[in-house]
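Colleague: I would like to learn how to read a protein structure feature by feature, with the general idea put before each case. Could we take it slowly?

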Amino acid sequence: MQFKDIIGQSDLKKSLVETVKNGRISHAQLFLGKGVNGKFALAVAYAQYINCPDRTETDSCGVCLSCKKYNAMSHPDLFFSFPVNKSSKGGGDSDAKSREGGVNRSTSSKDLISTMFYKDWLSYLNSTHYYPELQSWYKKINIENKQGIINVEEARRIVRDVSFKPVEAPYKILIIWQPEKMNMSSANVLLKFFEEPPAHTIIIMVADEKDQLLKTIQSRFQIIPVPKIDDFELYAYLKTKYSNFPENQVKNAVALSDGDLQRAEHILGDGEQMKEHFMLFQSWMRMCYKKGSLEEIKTFVEKVSRIGRENQKHFLNYSLRLIRQSLLINYGHPSLNKLTHYESEWLTKFSPFIHINNGIQLTEKFEQAIFEVGRNASASVLFMKLSLDLSVLLKIPQ
């Protein structure tokens with residue numbers, strides 16, 4: 001992965017290059033940003049640039065032995081860690097053996113480490129062009145209704161594998177994707193390692209939610225904010241990749257994506273998940289507003305409790321977006337509205353119920369629910385409480 005392969009982010013690329021030129025590479029960095037915005041690809045390209053012996057003023061050379069091994073994800077001084085869990089089928093989609101064995105039905109969840117899924121991981125990265133997203137990764141390894149974790153055994157594996165001197169490159173580089181999925185035990189194992197890593201070691205964490213990390217971990221890392229993908233850059237990429245799509249359709253996908261590559265590609269695809277979320281949100285709001293709908297709400301809560309935590313987070317984030325768009329319909333300029341035709345048609349009728357007297361409270365309720373889902377709160381309790389809160393807030397007069 002080279003910087004030239006990453007969509008946009010030109011200012012950040014220049015900044016990362018400068019840290020290498022000036023010899024000011026922090027040993028612990030947190031690439032932080034919402035959604036699929038290229039932060040993981042940037043981390044890999046940055047690692048490749050650091051260890052490239054023939055790097056240019058702007059990028060790694062792409063042809064030296066180090067770059068070739070990076071491109072094949074086989075460099076002995078490059079390490080990954082990422083959330084995993086055990087599926088009902090006993091492992092990833094291929095149940096494959098990897099550098100450290102494999103996963104089978106007898107492997108306990110607490111003994112799983114990410115290298116057991118390495119073949120699936122490489123296949124997944126190639127299929128997404130190094131723009132990973134949590135739910136599609138869970139689908140790859142058949143744990144869609146489970147929460148992936150970075151457990152204490154994985155933490156010990158990290159300390160063990162990265163404790164030796166670099167084999168070939170100037171630096172060993174560890175990239176931890178979705179460190180929010182570390183549990184308390186694994187985080188505590190890694191605290192000392194993060195503060196004082198072995199010599200010639202660089203740790204890069206790639207995260208969506210800083211607040212899901214322990215404060216003691218946050219304090220040990222230099223935070224590198226990664227912004228959403230610029231609309232112009234995203235449009236140029238999608239127009240090339242989807243050259244057979246009408247121009248207005250591509251522009252609409254960019255406008256609705258909020259700088260998230262995967263969301264834009266979902267919109268250009270069948271957009272089925274978005275439609276499902278919309279229909280679920282629509283029925284939820286109706287039953288929360290309607291009197292005497294407690295049994296319907298109970299049925300809704302039972303349904304949404306079964307879809308898995310990452311799907312619940314996706315749905316809550318989608319719902320929060322529609323709440324905010326409702327406020328924009330009421331108080332913002334029409335150019336700020338980023339809605340599909342079916343969302344726009346329904347929100348025109350629904351938006352009067354979201355106003356200055358309840359908008360802030362509704363936003364806070366959804367934000368808190370998203371946070372609590374990430375902290376493994378009981379889904380049934382969370383969605384029932386949120387539904388009851390909505391039943392009150394939606395009835396507040398404008």
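Modeller: Let us begin with a word that will return often: a residue is called buried if its relative accessible area is under 20%, exposed if that area is over 50%, and partly exposed in between. Please keep in mind that this is a predicted model. In the sense just given, both F300 and F383 are buried.

Colleague: Then let us stay with these two residues: how far apart are the ring centres of F300 and F383, and at what angle do their planes stand?

Modeller: In general, a pair of aromatic rings is described by the distance of the centres and the angle of the planes. For F300 and F383 the centres are 6.3 Å apart and the planes stand at 75°, and because an angle over 60 degrees counts as edge-to-face, that is what this pair is called. The pair links distant parts of the chain, since F300 sits in helix α13 and F383 in helix α17 (residues 379-393), 83 residues apart.

Colleague: How many aromatic pairs does a search of the whole structure find?

Modeller: The search gives 27 aromatic pairs. One of them is formed by F82 and W137, whose ring centres are 5.4 Å apart and whose planes stand at 90°, so this pair is edge-to-face. F82 belongs to the loop between β2 and α4 (118-128), while W137 belongs to helix α5 (residues 134-140), so that distant parts of the chain, 55 residues apart, are linked by the pair.

Colleague: Are F82 and W137 buried or exposed?

Modeller: F82 has a relative accessible area of 1% and is therefore buried, and W137, with a relative accessible area of 0%, is buried as well. Ring pairs also join F82 and W137 with F40, F80, W121, Y124 and W177 into a cluster.

Colleague: How should I read the two faces of a strand, and which residues of β3 lie on each side?

Modeller: The general idea is that in a regular strand the side chains alternate between the two faces of the sheet. In β3, K172, L174 and I176 lie on one side and I173, I175 and W177 on the other, and all of these are buried, which leaves both faces covered. The count for the strand, residues 172-177, reads accordingly: six of its six residues are buried. In β2, L78 and F80 point one way and F79 and S81 the other way, and all are buried.

Colleague: Which strands are joined to β3 by bridges, and do they run parallel or antiparallel?

Modeller: Strand β2 (residues 78-81) is joined to β3 by four bridges, and the two run parallel. As an example of a bridge, F80 has I175 as its partner in β3. Strand β4 (residues 201-207) is joined to β3 by six bridges, again with the strands parallel, and K172 stands opposite T201 in β4. To get from β3 to β4 the chain passes through helix α7 (residues 184-195), and this β-α-β crossover is right-handed.

Colleague: How does one look for a pocket, and how much space lies in the second largest pocket?

Modeller: Rolling a probe the size of a water molecule over the atoms shows where empty space is left. In the second largest pocket that space is about 300 Å³. There are 14 residues in its lining, and the closest to the centre of the pocket are E276, H277, L280, K303 and I307. Helices α12 (272-289), α13 (294-305) and α14 (309-331) each supply at least two residues of the lining, with the largest share, seven residues, coming from α12. By kind, the lining of the second largest pocket divides into six nonpolar, five polar and three charged residues.

Colleague: Finally, which residues can show me that places far apart in sequence may still be compared in space?

Modeller: Take D111, in the loop between β2 and α4, which is partly exposed, with a relative accessible area of 35%. D111 and E153 are 42 residues apart in sequence, and their C-alpha atoms are 6.0 Å apart in space. A further case is R324 in helix α14, partly exposed with a relative accessible area of 38%: the C-alpha atoms of R324 and I354, 30 residues apart along the chain, are separated by 8.6 Å.

Technical notes: Residues numbered from 1 in each chain as written. Predicted model: local features only at pLDDT ≥ 70, side-chain atom pairs only at ≥ 80, totals over all residues. Heavy atoms only, no water. Buried < 20%, exposed > 50% of the residue type's maximum accessible area, 1.4 Å probe, protein only. Pairing = 2+ DSSP bridges. Right-handed = clockwise from strand over helix to strand, strands pointing away. 1 Å grid on protein atoms, 1.4 Å probe; cavity = no way out; pocket = protein on both sides within 12 Å on 5 of 7 lines; lining within 4 Å. Points joined across faces, edges and corners; volume = space filled by probe spheres on them. Nonpolar A, V, L, I, M, F, W, Y, C, P; charged D, E, K, R; others polar. Phe/Tyr/Trp six-rings, centres within 6.5 Å; stacked < 30°, edge-to-face > 60°.
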